[in-house]
Amino acid sequence: MPTSILGPYTRTIVAVALVALTIVFSLTIRVSVHTSIEPFFDWMTASWIGYIGTTWGAAFAFIEAFHMIGLAVIGGTVLVSDGRLLGLMFPDQAVSAIAPRTYRIFNWALILTLGTGVFMACAVAGKIYFLKVFWYKMLALSAGILFEYGIRRPLLAKEPAGINPWVLKLTATASIMVWFTVAALGRWIGYSG
Amino acid sequence: KLDDIQIAAIVSSSVFVLWFAIYWFFQIQAVRELF
């Protein structure tokens, strides 16, 4: 983090700036950007990945199964580590003993989910481009990834005694809500049209 | 003491919790309307 440029509150300034940028973007150029990227979705449909996904149902179902498994594993790691932060699970284990163990599993599950998600997006690009819920999911997913690697993990890397317990609980609640929303909106895409 | 990362966590977590709480509240309202 470029601490020397923005001073001692770099991470806070970056977090506030990202939230403000997202709000400004959604209120100003969102519609024109959405219109301008339609050819990219046409290209996704016409690509060889899109061709396989649209013509071979078994391939789509096979890949989607791995997408679901990846999402389930992400959900498991989130529930275990955030459940511990909330004091709901493994209360006899230290946070520092549980959270870092979930990191590698989360990383691989996220890679699996993103990889299979790209394939599925190519297969149904013509549908998802017009689905508002798809864009909500992408927003929640981006927020979740930035939150996980930019806020949550650096926070948990600190000495537990130096962290306000209510900050931990708020962070865990936000983390669970973000990934629940990502999962729920993903299923909403499947439900839509 | 609240340092940079803790303040950033409070800000971003509060935004997320509010955002998703409002989002899902309106979705539940839609279900209630679902006439």
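**Aromatic and charged side-chain contacts**

Over all chains, the structure holds twelve aromatic pairs. The coordinates are those of a predicted model. One of the pairs joins Phe41(A) and Phe134(A) in an edge-to-face arrangement, with 6.3 Å from centre to centre and 85° between the planes. This pair links distant parts of the chain, as Phe41(A) belongs to helix α4 (residues 38-46) of chain A and Phe134(A) to helix α9 of chain A, 93 residues apart. Phe41(A) has a relative accessibility of 7% and therefore counts as buried, the limit being 20%. Phe134(A) is likewise buried, at 7%.

A further edge-to-face pair is formed by Tyr129(A) and Phe130(A), with 4.8 Å between the centres and 85° between the planes. The accessibilities of the two partners fall in opposite classes: Tyr129(A) is buried, with a relative accessible area of 4%, whereas Phe130(A) counts as exposed at 59%. The residues of both pairs belong to one aromatic cluster, which consists of Phe40(A), Phe41(A), Trp43(A), Tyr129(A), Phe130(A), Phe134(A) and Trp135(A).

Turning to charged side chains, the count of salt bridges over all chains comes to four. One of them joins Arg152(A) and Glu148(A), with an N to O distance of 3.3 Å. Arg152(A) and Glu148(A) are four residues apart in helix α9 (residues 132-156) of chain A, so about one helical turn separates them. Both ends of this salt bridge are buried: the relative accessibility of Arg152(A) is 2%, and the relative accessible area of Glu148(A) is 2%.

Glu148(A) also forms a salt bridge with Arg153(A), at 2.7 Å from N to O. The side chain of Glu148(A) thus takes part in a salt bridge with Arg152(A) and in another with Arg153(A). Arg153(A) counts as buried, at 12% relative accessibility. Asp82(A), Glu148(A), Arg152(A) and Arg153(A) are linked in a network of salt bridges. Arg153(A) has an aromatic contact as well, lying over the face of Tyr103(A) at 4.1 Å from the ring centre.

A salt bridge between chains is found for Lys158(A) and Asp3(B), whose side chains meet at an N to O distance of 2.5 Å. Lys158(A) is located in the loop between α9 and α10 (165-191) of chain A and Asp3(B) in the segment before α1 (4-33) of chain B, so the pair joins two chains. Neither partner is buried: Lys158(A) is partly exposed, with a relative accessible area of 24%, and Asp3(B) is partly exposed at 26%.

The packing of helices in chain A was examined for α6 and α9. Two packed helices are described by the angle between their axes and the distance between those axes. The axes of helix α6 (residues 57-85) of chain A and α9(A) come within 14 Å and cross at roughly 40°. The two helices, α6(A) and α9(A), are therefore oblique to each other. Their crossing, that of α6(A) and α9(A), is left-handed.

Technical notes:
Residues numbered from 1 in each chain as written. Chains lettered and ligands numbered in written order. Predicted model: local features only at pLDDT ≥ 70, side-chain atom pairs only at ≥ 80, totals over all residues. Heavy atoms only, no water. Buried < 20%, exposed > 50% of the residue type's maximum accessible area, 1.4 Å probe, protein only. Phe/Tyr/Trp six-rings, centres within 6.5 Å; stacked < 30°, edge-to-face > 60°. Lys NZ or Arg CZ within 6 Å of the ring centre and 35° of its normal. Axes fitted to C-alpha atoms, helices over the stretch in contact; angles between N-to-C directions. Parallel < 35°, antiparallel > 145°, perpendicular 65-115°, else oblique. Left-handed = near helix turned anticlockwise from the far one by under 90°.
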